[in-house]
Amino acid sequence: MRRRVTPIPARAGAAAAALVLAGAGALLGTAAGTAQAAEVSYATHCVPPAGVADPIDGTTKVEITAPATAKVGDTVDVTWKFVQAASKNPDIIDLPANTVQPSGTVKTAGAQTADIAMQGPRENPAIPKGGDMVLSDMTGSLKLTSPGEVTLAPDAYTVNAYGTNTVCTPTATVEKAATIEVTGGGSSGSATPSGTTSASTPPSGSSSPSDSASASTSASASASDGTGSGQTDFTGKEVDIPYACKTPIGDKSATSPVQINAKKDGGSFDLTVQFNGSVMDSPADIPADSVKPSMEVVLGGADKGTVHVEGPTNSSAIKSGDPIEIPDLTGTYKPGASGESTLSPGVLTVEALGTTTTCTPTKTEVSLTLDTTEQASGASGSTSTSGGSSSSSSGGLAETGDNSNGALKALGLVAGTAILLGGAVFTFMPRKRTR
């Protein structure tokens with residue numbers, strides 16, 4: 001009896017052939033070292049910057065991608081993909097897009113032992129308060145030096161945001177996430193990670209202390225009017241003012257050099273308050289018109305009260321890595337008494353990215369002394385400018401904290417001192433202002 005043979009349609013035959021070829025290609029590719037990916041979960045302990053939030057214990061889920069096979073002498077690429085970070089964004093501030101950067105370490109074992117430094121770009125979507133941390137993929141590379149089985153496992157990692165680091169470390173042994181079968185000769189058993197990035201080094205954009213920064217001790221000539229001299233411009237001396245700051249992440253302390261200058265205009269004085277310091281590069285993109293500083297200058301001596309001075313908002317956006325400058329604060333002082341009146345830096349307020357930071361001097365010092373003549377509706381006992389009231393002052397501020405001017409603990413140590421202004425970290429690095 002004849003067996004009936006059913007012909008295969010041309011399209012079906014082509015599809016079958018394609019599947020066969022694809023399967024063969026996949027097998028050949030694996031033999032040649034096609035990348036493999038595997039996911040691993042491990043318990044993690046995360047430590048945010050001091051004063052920001054309490055340590056967090058969570059679970060990190062990571063997918064490691066690496067070649068399945070390679071030869072001695074090859075340099076292989078390794079990719080770390082965050083499936084889940086161990087901690088969320090603390091319920092303090094929203095993190096704008098492209099402000100978070102991860103770095104970390106992949107450990108190898110087996111035929112070779114090494115730490116592979118991993119780092120990802122500063123790329124992320126906007127992350128709301130309390131939202132899941134969305135971290136970019138990290139990459140690193142390893143030069144293979146010994147034949148055999150090399151296993152890869154994720155280890156500690158660091159999350160950098162606004163120049164601050166949250167360090168996350170495994171609390172138990174991490175299972176291997178990938179294996180590389182290394183073929184070929186080779187006598188060296190040590191692995192050579194490619195690249196120079198170290199997992200212990202904060203990624204680009206984090207604060208770096210400058211040991212060479214030194215406080216400026218020179219002061220301008222103190223001012224004394226002498227009404228009969230015809231003098232109109234008065235230069236105050238630069239004074240270092242320690243501040244206790246109420247910030248969105250808690251209480252901080254900082255010291256900044258401040259100078260008050262005046263220009264006589266009839267019976268009043270146009271004041272200019274200068275923060276005689278340059279500022280660190282911006283740790284993130286800051287939109288235009290989002291940072292506005294102001295201060296209450298404290299009157300003493302013959303006069304009493306405060307003078308409100310303020311600076312403009314930043315007129316243009318500040319790119320991450322670009323320098324930040326604190327503008328001059330200006331206002332008008334209308335004397336409320338005749339005699340020698342003193343002017344000292346007072347409460348500093350900075351509104352930034354929808355938040356307010358208030359810094360109160362723990363100890364103040366006179367920057368400028370003027371011979372004044374009482375003017376109608378002058379300052380004595382109140383604010384000397386329109387646009388808000390101010391409580392009366394005796395002309396000096398009592399010491400309300402220690403005078404050690406301790407380093408700012410939150411957001412890392414930086415040269416000079418730092419203040420968290422909403423979402424941006426400003427660092428005053430004393431320098432001479434061009435006059």
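Reader: Why does Phe-82 count as buried?

Author: Phe-82 has a relative accessibility of 10%, and buried means under 20% relative accessible area, exposed means over 50%, and partly exposed is anything in between, with a 1.4 Å probe and protein chains only; Phe-82 therefore counts as buried. This is a predicted model, in which local features need pLDDT of at least 70 and side-chain atom pairs count only at pLDDT 80 or more, while totals for chains, interfaces and linings use all residues. Residues are numbered from 1 along each chain as its sequence is written, and side-chain values use heavy atoms, with hydrogens and water left out.

Reader: What makes the pair of Phe-82 and Tyr-157 edge-to-face?

Author: The structure holds 5 aromatic pairs. In the one formed by Phe-82 and Tyr-157, the ring centres are 5.1 Å apart and the planes stand at 70 degrees. Rings of Phe, Tyr and Trp (its six-membered ring) pair if their centres lie within 6.5 Å, and planes under 30 degrees apart count as stacked, over 60 as edge-to-face and the rest as tilted, so the pair of Phe-82 and Tyr-157 is edge-to-face.

Reader: Which parts does the pair of Phe-82 and Tyr-157 tie together?

Author: Phe-82 lies in strand E4 (residues 75-84) and Tyr-157 in strand E8 (residues 148-161), so the pair ties together parts that are 75 residues apart in sequence. The strand labels come from DSSP runs numbered from the N terminus, where helices (H or I) need at least four residues and strands (E) at least two. Ring pairs also bring Trp-80 into a cluster with Phe-82 and Tyr-157, and Tyr-157, at 2% relative accessibility, counts as buried.

Reader: Why does Gly-73 count as partly exposed?

Author: Its relative accessibility is 41%, and a value in that middle range makes Gly-73 partly exposed. Gly-73 is found in the loop between strand E3 (69-71) and E4, and once its neighbours within four places in sequence are left aside, it is in contact with Lys-143 and Leu-144, contact meaning heavy atoms within 4.5 Å.

Reader: What makes the meeting of Lys-88 and Asp-132 a salt bridge?

Author: A salt bridge is a side-chain nitrogen of Lys or Arg within 4 Å of a carboxyl oxygen of Asp or Glu, and the side chains of Lys-88 and Asp-132 meet at 2.2 Å, N to O, which meets that criterion. The pair links distant parts of the chain, with Lys-88 in the loop between E4 and strand E5 (100-110) and Asp-132 in the loop between strand E6 (114-119) and strand E7 (138-143), 44 residues apart. Lys-88 itself is partly exposed, with a relative accessible area of 46%.

Reader: How do you know that Lys-292 forms a salt bridge with Glu-310?

Author: The closest N and O atoms of Lys-292 and Glu-310 are 3.6 Å apart, which satisfies the salt-bridge cut-off. Lys-292 lies in strand E17 and Glu-310 in strand E18 (residues 305-310), so the pair ties together parts that are 18 residues apart in sequence. Lys-292 is partly exposed, with a relative accessible area of 28%, and Glu-310 is partly exposed as well, with 35%. The structure holds 6 salt bridges.

Reader: Why is Ser-294 called buried?

Author: Ser-294 is placed in strand E17 (residues 291-301), and its relative accessible area is 15%, so Ser-294 is buried. Leaving aside neighbours within four places in sequence, Ser-294 is in contact with several residues, among them Glu-310, Leu-329 and Val-347.

Reader: How do you know that strand E15 and E19 pair?

Author: Two strands pair if DSSP finds at least two bridges between them, and strand E15 (residues 268-275) and E19 share 5 bridges in the antiparallel sense. One of the bridge partners in E19 is Thr-332, which is matched with Asp-270.

Reader: Which side chains of strand E19 point to one face and are buried?

Author: In strand E19 (residues 329-333), Leu-329, Gly-331 and Tyr-333 point to one face and are buried, while Thr-330 and Thr-332 point to the other and are not. In a regular strand the side chains alternate between the two faces of the sheet.

Reader: Why does Asp-289 count as exposed?

Author: Asp-289 has 55% relative accessibility and therefore counts as exposed. Asp-289 is found in the loop between strand E16 (277-279) and E17, and its phi is near 55 degrees, a positive value in a residue other than glycine.
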